[in-house]
Amino acid sequence: MSENQIIMKDRKFLSVTGVKDVNAFTEESVVLTLESSSLIIKGETLHINKLDLESGHVDMDGKVNSLQYIKETTDKGFIRRLLR
């Protein structure tokens with residue numbers, strides 16, 4: 001099980017480890033798959049600067065408004081409904 005760590009600086013820079021995949025990405029939201037949950041990042045002008053799925057590391061910038069962990073379910077439509 002890989003460890004998840006989040007580092008945020010001034011709501012403008014975000015670094016996340018323990019990432020298995022990027023499920024969705026827009027300038028307003030990013031959905032990351034972690035080991036046993038998903039992380040939904042909402043904000044404005046979000047941009048992924050670094051994506052390394054081998055090491056499980058994602059760096060992004062933009063204005064971060066919220067971070068939310070969602071327990072993994074078999075219903076993938078749930079995440080899509082959140083992003084509307």
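In this predicted model, Thr-33 is a buried residue, with a relative accessible area of 13%. Thr-33 belongs to strand E4, and its side chain is joined to that of Asn-23 by a polar contact of 2.5 Å. Thr-33 counts as buried because its 13% falls under the 20% limit used for that class. With this residue as a starting point, the rest of the protein can be introduced step by step.

The overall layout comes next. The protein holds six strands and one helix. Read from the N terminus, the order of these elements is β-β-β-β-β-β-α, so a newcomer following the chain meets the strands before the helix. Of the 84 residues, 33% are buried. Among contacts with a separation of 6 or more, 44% are between residues 24 or more positions apart. The protein exposes about 5,400 Å², and 49% of this area is supplied by carbon and sulfur atoms.

The interior can be described through its largest nonpolar core, which has 13 residues. Within this core, Leu-32, Ile-41 and Met-60 touch the most other members. Two or more residues each are given to the core by strand E2 (13-17), strand E4 (29-33), strand E5 (37-52) and strand E6. Strand E5 gives the most, with four residues. As general background, nonpolar side chains in soluble globular proteins tend to be buried together. Leu-32 offers a good view of the surroundings of this core. Leaving aside neighbours within four places in sequence, Leu-32 is in contact with Val-16, Val-19, Asp-21, Val-22, Ser-37, Ser-38, Leu-39, Ile-41 and Val-58. Ile-41 thus appears both among the core residues that touch the most other members and among the contacts of Leu-32.

Ser-37, one of the contacts of Leu-32, lies in strand E5. Its relative accessibility is 14%, and Ser-37 therefore counts as buried. Ser-37 also illustrates how positions separated along the chain can be placed in space: Ser-37 and Ile-70 are 33 residues apart in sequence, while their C-alpha atoms are 5.6 Å apart.

A second pairing of this kind involves Ser-66, a residue of strand E6. Ser-66 and Ile-40 are separated by 26 residues in sequence and by 8.0 Å in space, C-alpha to C-alpha. When residues up to four places away in sequence are not counted, Ser-66 touches Ile-40, Ile-41 and Lys-42. Ile-41 is thus a contact of Ser-66 as well as of Leu-32. Ser-66 is classed as partly exposed because its relative accessibility is 33%, a value between the limits of 20% and 50%.

Strand E6 also contains His-57, whose side chain takes part in polar contacts with two other side chains. One of these contacts is with the side chain of Asp-59, at 2.7 Å; another is with the side chain of Ser-15, at 3.1 Å. Beyond its neighbours within four places in sequence, His-57 is in contact with Ser-15, Val-16, Thr-17, Lys-50, Leu-51 and Asp-52. Val-16 is therefore shared, being listed as a contact of His-57 and of Leu-32, where contact means heavy atoms within 4.5 Å.

Attention can now turn to the surface. Ile-6, Met-8, Leu-67 and Tyr-69 form a nonpolar patch there, with about 330 Å² of accessible area together. The elements giving two or more residues to this patch are strand E1 (5-9) and strand E6 (57-71). Met-8 has its place in strand E1 and, at 39% relative accessibility, counts as partly exposed.

The loop between E1 and E2 completes the picture. Asp-10 is found in this loop, and so is Arg-11. Asp-10 has a phi near 55 degrees, a positive value in a residue other than glycine. Phi of Arg-11 is likewise near 55 degrees, again positive in a residue other than glycine. How exposed are these two loop residues, Asp-10 and Arg-11? Asp-10 is exposed, with a relative accessible area of 68%, whereas Arg-11 is partly exposed, with a relative accessible area of 41%.

Definitions and conventions: Residues are numbered from 1 along each chain as its sequence is written. This is a predicted model: local features need pLDDT of at least 70, side-chain atom pairs count only at pLDDT 80 or more; totals for chains, interfaces and linings use all residues. Side-chain values use heavy atoms; hydrogens and water are left out. Buried means under 20% relative accessible area, exposed over 50%, partly exposed in between (1.4 Å probe, protein chains only). Accessible areas come from the Shrake-Rupley method with a 1.4 Å probe; for residues, only the protein chains shown count as cover. Patches are made of residues with over 30% relative accessible area and no salt bridge: like charges are joined within 9 Å, nonpolar side chains (Val, Leu, Ile, Met, Phe, Trp, Tyr) within 5 Å. A salt bridge is a side-chain nitrogen of Lys or Arg within 4 Å of a carboxyl oxygen of Asp or Glu. A nonpolar core is a set of buried Ala, Val, Leu, Ile, Met, Phe, Trp, Tyr and Cys residues joined through side-chain atoms within 4.5 Å. A polar contact is a pair of N or O atoms within 3.5 Å; within protein, one must be able to donate a hydrogen and the other to accept it, and residues adjacent in sequence count only if both atoms are side-chain atoms.
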